[in-house]
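This short report walks through selected features of the structure shown below. It moves from the surface to the interior, then to strand pairing.

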Amino acid sequence: MTTVAVARRSPLNRAARIVAFAVIAIVLYDIVLFVALQQSWLTGSKALTGDHAFGVAIQQTINALSIGAIYALIALGYTMVYGIIELINFAHGDVFMVGAFLSILVTAGIFGQIPGADITNIPFLILVLTVALLLVMPATGLLNLTIERIFYRPFRGGSRLAPLITAVGVSFILQNVALVVVGSGDRAAPQVFPLNWQIPIGDAKISVLSIFIFVLAVGLMLALNTFVNRTRLGRAMRATAQDQQAASLMGVDLNQTIALTFLLGGALAGAAGVVWGLRFGFVRQDLGFNAGLKAFTSAVLGGIGNINGAALGGFFIGFTENLASALGYSRWSEFLVFLILTFVLIFRPTGILGQQLGDRA
Amino acid sequence: MTDVLHAKNVTKRFGGLVAVHDIDFTIPEGSIVSLIGPNGAGKTTFFNIIAGIYDPSAGSIEFRGRDMIAKARRAWMEPIAWLLPPAVLGAITLAVAESGTKNQTVLALGLTATILALLASMVIGVSRPPAYQRFMFRFGIFRSARPNDMVVAGLGRTFQNIRLFANMTAMDNVLVGMHSRLKTTWIDALLSTPRDRREEKTSRVRANELLTLVGLKGRGGVVAKNLPYGDQRRLEIARALASDPALLLLDEPTAGMNPRETAELTVLIGRLRSELGLTVLLIEHDMRVVMGISDRVTVLDHGERIAEGTPDEVRRNPKVIEAYLGTPPA
């Protein structure tokens, strides 16, 4: 028998390295935060001591993971759409906003309109969350698909600027429809997930909700990764991203593949909307702008068009924001985020995991 | 012998330029037909019309007995057909609401039905199931074939400039070629059903066979851009074969190859016909390849067909010599 002379990177090996990288990064962040929290020159009068600082550091790390996970989920939609048709879908953040509102509708429908109620009935909780995700994700997916069909597809093959402007328009349409339907203020999201459900570890109290959000997001990302890398339609998506016309000449239905990309991106944004409502307890009609901007930044930071990059960027921004607010500088968090973005782009214009543009096509 | 492809009086104009003028062209089943001509003769345009990238300005393409690029008729009516049911339902709901009924249930039902109809037409319009396409065809609403429809109908092609999916492995490239022949849907993929896993397995076996056929045995795991040039050309052929075509279009397959690689490829093309029963349409500048393996040769110049016949006939044709070498001085 001939031995195959091709060194294939075993997927298990790769997964192990990613997990190792993540664990090291998290522990490192934890230590940095632990040390920083004790410095009085950094935190002013709020400097903490030993054990207390350790507890807060762990708590904040978990918070950072959950907010990073939300950004990452939204960023995936930006990056996938950019990867396949090189369109910055400005309406994506607003699809996320619609998802958050739909989630309120669904949870309030099942749960009754009692914000802040405390229920630790776990089977019921699982039921509510499952139903919410199963209804909201397809709904936002379909919304995104519809947007593509009506507003982007007619421009395909033409100028790249036209759909970009349309995307800005769609963003305004969604925001203003939301404004008409739900008004301008904060809308309370039913607290289905009891916020005071925490696991005490030493001094730290770790929110179960944050862990749930993180696990859900990682699960969805793994599913997406498997879908893109291992299945027929995922292959078609990758081929389309590299060379649309060649893919089409090899029998890939471009319309279907691009529609599928929008469907998946919208569904992930919907999931992010559901967990946003749970975590922050309120939803507003202009939510999509800010969250969308952060998620877009994540996608650019990670290397737009790269799925793993978007996830990495999302967590990166989650941690950066968290670092600023944990030390008492939450007003500076966005400044810090965009400062880092600027520096990353100066030294790596294609983003952390981005490829040279020459590699595409 | 039946014809795999029959291009009837095909004309293509780009603005004022007539790139292809009134060409009638047939490819008999099981033959190797070559299309040659000086640069700018309209070969690639003609090729692209067959591949479904361009619609001809006039004429039609009959592929395996089916009219593929009939003039798209009333394609603009399709979106209207989608919007009709929800619009009617919406109008009825509105009319009921206007008539001043106090029955909330009826209104809610009407609204729900409207939204559902809208969603349904959206999903059908995006997925375009075959039954739906036949239905629309019956009403004379259809569009011309797109490249992927031609592949489904049985046409495979390679490119003049290599257009592999450079960042994907050789195996994945071949599997993309197989895309239109695989049946699993995204639901299968998400649930990882037995059908999905079975199909994935058989398609990998088949892809390995194809790689072996073109001489890339065991190189399936190599990223396409890292393959040597000649191997990339062969991988393109494997990818085209993966869609199980009846007709293979090769656009200058030996461009940039050294003489040894060219000779190997010529043998391979011959084998494709003898072993897989393929019909081949070849565009080629290397006359040794063209004259060596073609059954018939068609010569284009300035968008017109100037000669057709066996390689020997074409070689002796004064018009061909003139097109290639210019008019001899008087």
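Is A:Ile346 buried or exposed? A:Ile346 is exposed, because its relative accessible area is 53% and the cut-off for exposed is over 50%. This and every other value here comes from a predicted model.

**Surface and interior of chain A**

A:Ile346 sits in helix α13 of chain A, which spans residues 333–347. It belongs to a nonpolar surface patch. The other members are A:Tyr329, A:Trp332, A:Phe335, A:Leu339, A:Phe343 and A:Phe347. Together the patch residues offer about 790 Å² of accessible area.

A:Thr240 is in helix α8 of chain A, residues 232–242. A:Thr240 counts as buried because its relative accessibility is 0%. Setting aside residues up to four places away in sequence, A:Thr240 touches A:Ile84, A:Ala247, A:Val252, A:Leu254 and A:Thr257.

**Domains of chain B**

The domain assignment splits chain B into three parts. Domain 1 is made of 1–71, 145–154 and 245–330. Domain 2 covers 77–138, and domain 3 covers 163–244. The centres of domain 1 and domain 2 of chain B, taken over C-alpha atoms, are 47 Å apart.

**Loop residues of chain B**

B:Phe159 lies in the loop between β6 (155–157) and α6 (170–177) of chain B. It is buried, with a relative accessible area of 4%. What does B:Phe159 contact, leaving aside neighbours within four places in sequence? In chain A, the contacts are A:Ala246, A:Leu249 and A:Met250. In chain B, they are B:Arg233, B:Glu236, B:Arg239 and B:Asp251. B:Leu35 is 124 residues from B:Phe159 in sequence, and their C-alpha atoms are 15 Å apart.

Two non-glycine residues have a positive phi. B:Asp244 has a phi of about 60° and is in the loop between α9 (229–241) and β7 (247–251) of chain B. B:His302 has a phi near 50°. Its loop runs between β9 (296–301) and β10 (304–309) of chain B. B:His302 is exposed, at 64% relative accessible area.

**Strand pairing in chain B**

Strands of a sheet pair through backbone hydrogen bonds, either parallel or antiparallel. One open sheet of chain B has 4 strands in the order β2-β1-β4-β5, with antiparallel pairing. Its edge strands are β2 (17–28) and β5 (66–67), each pairing on one side only.

Strand β8 of chain B, residues 279–283, has 5 of its 5 residues buried, so it is largely enclosed by the rest of the structure. B:Thr279, B:Leu281 and B:Ile283 point one way from β8(B). B:Val280 and B:Leu282 point the other way. In a regular strand the side chains alternate between the two faces of the sheet.

The table lists three strand pairs of chain B, with one bridge pair each.

| Strand pair | Sense | Bridges | Residues opposite each other |
|---|---|---|---|
| β3(B) and β8(B) | parallel | 4 bridges | B:Ser34 and B:Leu282 |
| β7(B) and β8(B) | parallel | 5 bridges | B:Leu249 and B:Leu281 |
| β4(B) and β5(B) | antiparallel | 2 bridges | B:Phe63 and B:Arg66 |

Strand β8(B) thus pairs in the parallel sense with β3(B) and with β7(B). Strand β4(B) runs antiparallel to β5(B), an edge strand of the open sheet.

How values were computed
Residues are numbered from 1 along each chain as its sequence is written. Chains are lettered from A and ligands numbered from 1 in the order in which they are written. This is a predicted model: local features need pLDDT of at least 70, side-chain atom pairs count only at pLDDT 80 or more; totals for chains, interfaces and linings use all residues. Side-chain values use heavy atoms; hydrogens and water are left out. Domain bounds come from an automatic or database domain assignment. Patches are made of residues with over 30% relative accessible area and no salt bridge: like charges are joined within 9 Å, nonpolar side chains (Val, Leu, Ile, Met, Phe, Trp, Tyr) within 5 Å. Accessible areas come from the Shrake-Rupley method with a 1.4 Å probe; for residues, only the protein chains shown count as cover. A salt bridge is a side-chain nitrogen of Lys or Arg within 4 Å of a carboxyl oxygen of Asp or Glu. Buried means under 20% relative accessible area, exposed over 50%, partly exposed in between (1.4 Å probe, protein chains only). Two strands pair if DSSP finds at least two bridges between them. Contact means heavy atoms within 4.5 Å.
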